[in-house]
Amino acid sequence: MTTTNAGRQATAAARRAVRHPMMDRLTRVGLACRGVLYALIGVLAVQIALGGADEQADKGGAIATVAELPFGSVILWVMVAGFVALSLWQASEALFGGLKTLDRVEAVLRTGVYVLIVFTLLSVLLAGGAASEDKKSQDVTAKLLDLPGGPLIVGLIGLGVIGLGVYWARSGLTKKFREDLDTGRMSPRAERTMEKLGTAGYLARGAIAGLAGVFVVQAALTADPDKAGGIDATLRAFAATPVGPWLLVAVALGVLLFAGYCFGEARWRRT
């Protein structure tokens, strides 16, 4: 057997594994878990806007909230399984999903995000806690700034995050997300609902990513890693605008609507 044939057989086996019915079910569980995280982030953000929450409005804060629930550890282990499945699914899409270049890049980024969520879940389950996303962002930014050409690297990353925000906002406005849905199985009412949830949700995600990217660029220009931040710092920045906390409320509601879209994805997403 040649190396080429062995490689082809390994690729075929990997494709069969990620397309197994059980993997499809776990992936849909993962999509629902994703909705849970965004729902909790949205709720925490609304509470912050109204002055009633001290928790971090990010994935770490959402996971910590789940951990405090009755049977929270059981729920977190289910989320571990779901996000592992999401990681494998997106990795397979990037490797042999036949995607366009931009969609392939998005699949790679999603894989990285889901893997990080798995590590955060495991750190809460096994170590009792996890660092905030703001702290992680600042630590990573500090290490990058110390590299030769560090400010340029950080600046390019910031521009990339801004670009991702623009891409998400455009996806919401053009309803590009519909391409991921199995609309043939949806009723007209469900299709209209998912369009509204997806449009609002992707616009909110785009706004958050865009502002987060601006912070990263500021960190590059000032060589100050504390300028960078995660979702929590970005959301709190909306409340510091002249519009006041109501802009944060609007963005938080968009995040909650995106959570609803994620729950719909768990049923109608093409996998």
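Me: Contact means heavy atoms within 4.5 Å. With that in hand, what share of the contacts with a separation of 6 or more comes from residues 24 or more positions apart?

Reply: A good place to start. This is a predicted model, and in its chain 74% of the contacts with a separation of 6 or more are between residues 24 or more positions apart.

Me: Which elements make up the chain, and how many helices and strands are there?

Reply: The secondary structure comes to 10 helices and zero strands. Reading from the N terminus, you pass α-α-α-α-α-α-α-α-α-α. Of the chain's 271 residues, 42% count as buried.

Me: Let me try a single helix. How do I check the span of α5?

Reply: Use a rise of 1.5 Å a residue: the 27 residues of α5 should then span 39 Å, and its end C-alpha atoms are 38 Å apart, which agrees. Just after α5 comes Gly128, with a positive phi of about 85°.

Me: Which residues of α5 are buried, and what covers them?

Reply: Among the buried ones are Ala107, Tyr114, Ile117, Val118, Leu121 and Leu125. Their cover includes α2, α3, α4, α6 (133–145), α7 and α8. Charged residues are on the buried list too, including Asp103, Glu106 and Arg110.

Me: What do the charged residues Arg110 and Glu106 do there?

Reply: First the general idea: side chains of opposite charge can pair when their charged atoms come close. Here Arg110 forms a salt bridge with Glu106, with the closest N and O atoms 3.1 Å apart. Both Arg110 and Glu106 are buried.

Me: Why can two residues in one helix face each other like that?

Reply: An α-helix has 3.6 residues a turn, so residues three or four places apart point the same way. Because Arg110 and Glu106 are four residues apart in helix α5 (residues 101–127), about one helical turn separates them.

Me: How many salt bridges are there, and which one links distant parts of the chain?

Reply: The count comes to nine. One of them pairs Asp180 with Arg269, where the closest N and O atoms are 3.8 Å apart. This pair links distant parts of the chain: Asp180 sits in the loop between α7 (150–174) and α8 (188–222), while Arg269 is in the segment after α10 (245–268), 89 residues away.

Me: Are Asp180 and Arg269 buried or exposed?

Reply: Compare each value with the cut-off: buried means under 20% relative accessible area. Arg269, at 7%, therefore counts as buried. Asp180 has a relative accessible area of 24%, so it is partly exposed.

Me: And which residue does Arg185 pair with?

Reply: Arg185 forms a salt bridge with Asp182, the closest N and O atoms being 3.0 Å apart. Arg185 is partly exposed at 44% relative accessibility, and Asp182 is partly exposed at 21%. Elsewhere, salt bridges that share partners join Arg34, Asp180, Glu265 and Arg269 into one network.

Me: Where does Glu265 lie, and what is it in contact with?

Reply: Glu265 lies in helix α10. Its relative accessibility is 0%, so it counts as buried. Setting aside neighbours within four places in sequence, Glu265 contacts Arg28, Leu31, Arg34, Leu181 and Met194.

Me: Now the nonpolar side chains. How many residues are in the largest nonpolar core?

Reply: That core has 50 residues, and those with the most contacts inside it are Leu76, Met79, Phe83, Leu121, Leu235 and Tyr261. Eight helices are named as supplying at least two residues each: α2 (21–49), α3 (59–67), α4, α5, α7, α8, α9 (231–239) and α10. The largest share, 11 residues, comes from α10. To picture one member, look at Leu235: apart from residues up to four places away in sequence, it touches Ile41, Ala45, Ala57, Ile208, Leu248 and Val251.

Me: Which residues form a nonpolar patch on the surface?

Reply: Val29, Phe71, Val74 and Val78 form one, with about 380 Å² of accessible area together. Val74 belongs to helix α4 (residues 72–96), whereas Phe71 is in the loop between α3 and α4. At 69% relative accessibility, Phe71 counts as exposed.

Me: What is unusual to look for in the backbone at Phe71?

Reply: Check phi: Phe71 has a positive value of about 60° although it is not a glycine. Ala223, also not a glycine, has a positive phi of about 55°, and its place is in the loop between α8 and α9.

Note on methods: Residues numbered from 1 in each chain as written. Predicted model: local features only at pLDDT ≥ 70, side-chain atom pairs only at ≥ 80, totals over all residues. Heavy atoms only, no water. Patch = residues over 30% accessible without salt bridge, like charges linked within 9 Å, V, L, I, M, F, W, Y side chains within 5 Å. Areas by Shrake-Rupley, 256 points an atom, 1.4 Å probe, with all protein chains shown as cover. Salt bridge = Lys/Arg side-chain N within 4 Å of Asp/Glu carboxyl O. Buried < 20%, exposed > 50% of the residue type's maximum accessible area, 1.4 Å probe, protein only. Core = buried A, V, L, I, M, F, W, Y, C linked by side-chain atoms within 4.5 Å. Expected span 1.5 Å × (residues − 1).
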